[in-house]
Amino acid sequence: MTQIKHTKRALLTSVLAMLVCVALLIGSTFAWFTDNVTSGINRIVAGNLDVELAY
């Protein structure tokens, strides 16, 4: 009985850790592509990419 309990707890902990990792990955990717910096006259914007597919 204790083996099943430990296995379920380990599985739940593993799933929660994976969800946290995915959330952090999505957050960091979103922050990378939506960054915006203004310094005096210069303006640096990341994430504005216009791609067209010609077939």
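1. What percentage of the 55 residues in the protein chain is buried? The figure is 0%. Keep in mind that this is a predicted model.

2. The fold is short to describe. The protein chain has one helix and two strands. Read from the N terminus, the order of elements is α-β-β. Helix α1 spans residues 2-33, and strand β1 covers residues 36-39.

3. Confidence varies along the chain. The average pLDDT is 81, and 73% of the residues reach at least 70. Helix α1 scores highest, with a mean of 88. Strand β1 scores lowest, at 66. Where pLDDT is low, the predicted coordinates should not be read in detail.

4. Now the surface. The protein chain exposes about 5700 Å² of accessible surface. Carbon and sulfur atoms account for 68% of that area.

5. A nonpolar patch lies on this surface, formed by Leu11, Leu12, Val15, Leu16 and Leu19. Together these residues offer about 490 Å² of accessible area.

6. Take Val15 from that patch. Val15 sits in helix α1. Its relative accessible area is 37%, so Val15 counts as partly exposed. Patch members need over 30%, and Val15 at 37% meets that cut-off.

Key:
Residues are numbered from 1 along each chain as its sequence is written. This is a predicted model: local features need pLDDT of at least 70, side-chain atom pairs count only at pLDDT 80 or more; totals for chains, interfaces and linings use all residues. Side-chain values use heavy atoms; hydrogens and water are left out. Patches are made of residues with over 30% relative accessible area and no salt bridge: like charges are joined within 9 Å, nonpolar side chains (Val, Leu, Ile, Met, Phe, Trp, Tyr) within 5 Å. Accessible areas come from the Shrake-Rupley method with a 1.4 Å probe; for residues, only the protein chains shown count as cover. A salt bridge is a side-chain nitrogen of Lys or Arg within 4 Å of a carboxyl oxygen of Asp or Glu. Helices (H or I, at least four residues) and strands (E, at least two) are DSSP runs, numbered from the N terminus. Buried means under 20% relative accessible area, exposed over 50%, partly exposed in between (1.4 Å probe, protein chains only). pLDDT is the predictor's confidence in each residue, from 0 to 100.
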